[in-house]
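Subject: Handing over the structure

Dear colleague,

I am passing a structure on to you, and I would ask you to open it before reading further. My notes come after it.

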Amino acid sequence: MPKKKYPQLTAEEYNTAYMKVYYFLNRDRLLEKAKRPVNCPSCNKKMPYSSLSYHLRKCHNHVKQPKIKNNLVKEDGTFKLTFD
Ligand SMILES: [Zn+2]
């Protein structure tokens, strides 16, 4: 049996370690994106991008939309996939 080179990680531990490395490597780019000025689509207030989601939730009761749009329609307890 060959000796294991890498530690055995759970999915959660792996994701945490991965995000740490990802943030370390892309720190400047991520911070630049977070601090770029944007206008609120509802009240046109100027703010950094990192504050926009908080502002939308608190001031406009905005519900977060999922990034991936799935066409999963529920009909009478069964799931029906639609591709359109
Ligand atoms: Zn607003």
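The notes below go through the chain, the metal site, the core, the pocket and a few single residues.

Please keep in mind that this is a predicted model, in which local features need pLDDT of at least 70 and side-chain atom pairs count only at pLDDT 80 or more, while totals for chains, interfaces and linings use all residues. Residues are numbered from 1 along each chain as its sequence is written, and side-chain values use heavy atoms, with hydrogens and water left out.

The protein chain has three helices and four strands, and from the N terminus these elements follow one another as α-α-β-β-α-β-β. Helices here are DSSP runs of H or I with at least four residues, and strands are runs of E with at least two, numbered from the N terminus. Of the chain's 84 residues, 8% count as buried, where buried means under 20% relative accessible area, exposed means over 50%, and partly exposed lies in between (1.4 Å probe, protein chains only).

What holds the zinc ion? Its donors are Cys-40 (SG), Cys-43 (SG), His-55 (NE2) and His-60 (NE2), at 2.0 to 2.3 Å; donors are N, O and S atoms within 2.8 Å of the metal (3.2 Å for Na, K and Ca), and since water is not among the atoms, sites may look incomplete. The angles among the four donor atoms run from 101 to 123°, and the site is tetrahedral, a label given to four donors if all angles lie between 85 and 135 degrees. Along the sequence, the donor residues follow the spacing C-x2-C-x11-H-x4-H. The two histidines can be described separately: His-55 is buried, at 9% relative accessible area, whereas His-60 is partly exposed, at 29%.

The largest nonpolar core consists of five residues, namely Val-38, Cys-40, Met-47, Leu-52 and Leu-56. Such a core is a set of buried Ala, Val, Leu, Ile, Met, Phe, Trp, Tyr and Cys residues joined through side-chain atoms within 4.5 Å. Cys-40 therefore appears both in this core and among the zinc donors. Leaving aside residues up to four places away in sequence, Met-47 touches Arg-36, Pro-37, Val-38, Cys-40, Leu-52 and His-55, a contact being heavy atoms within 4.5 Å.The largest pocket holds about 370 Å³ of space, and its lining includes Tyr-49, Leu-52, Leu-56, Arg-57 and Lys-64. Helix α3 (residues 49-60) supplies the largest share of that lining, six residues. On a 1 Å grid over the protein atoms alone, a pocket is an open set of points where a 1.4 Å probe fits, with protein on both sides within 12 Å along at least five of seven lines, and lining residues have an atom within 4 Å of a point.

Two asparagines deserve a look at their backbone. Asn-44, in the loop between β1 (37-39) and β2 (46-48), has a positive phi of about 65° although it is not a glycine, and Asn-44 is exposed at 57% relative accessibility. Asn-61, in the loop between α3 and β3 (72-75), has a positive phi near 50° and is exposed at 64%.

Lastly, Pro-48 lies in strand β2 and is partly exposed, at 35% relative accessibility. The C-alpha atoms of Pro-48 and Ala-34 are 6.7 Å apart, with their positions 14 residues apart along the chain.

With best wishes

Note on methods. Four donors count as tetrahedral if all angles lie between 85 and 135 degrees; four count as square planar and six as octahedral if opposite donors are over 155 degrees apart and all others between 65 and 115; anything else is irregular. Grid points are joined across faces, edges and corners, and a volume is the space filled by probe spheres set on the points.
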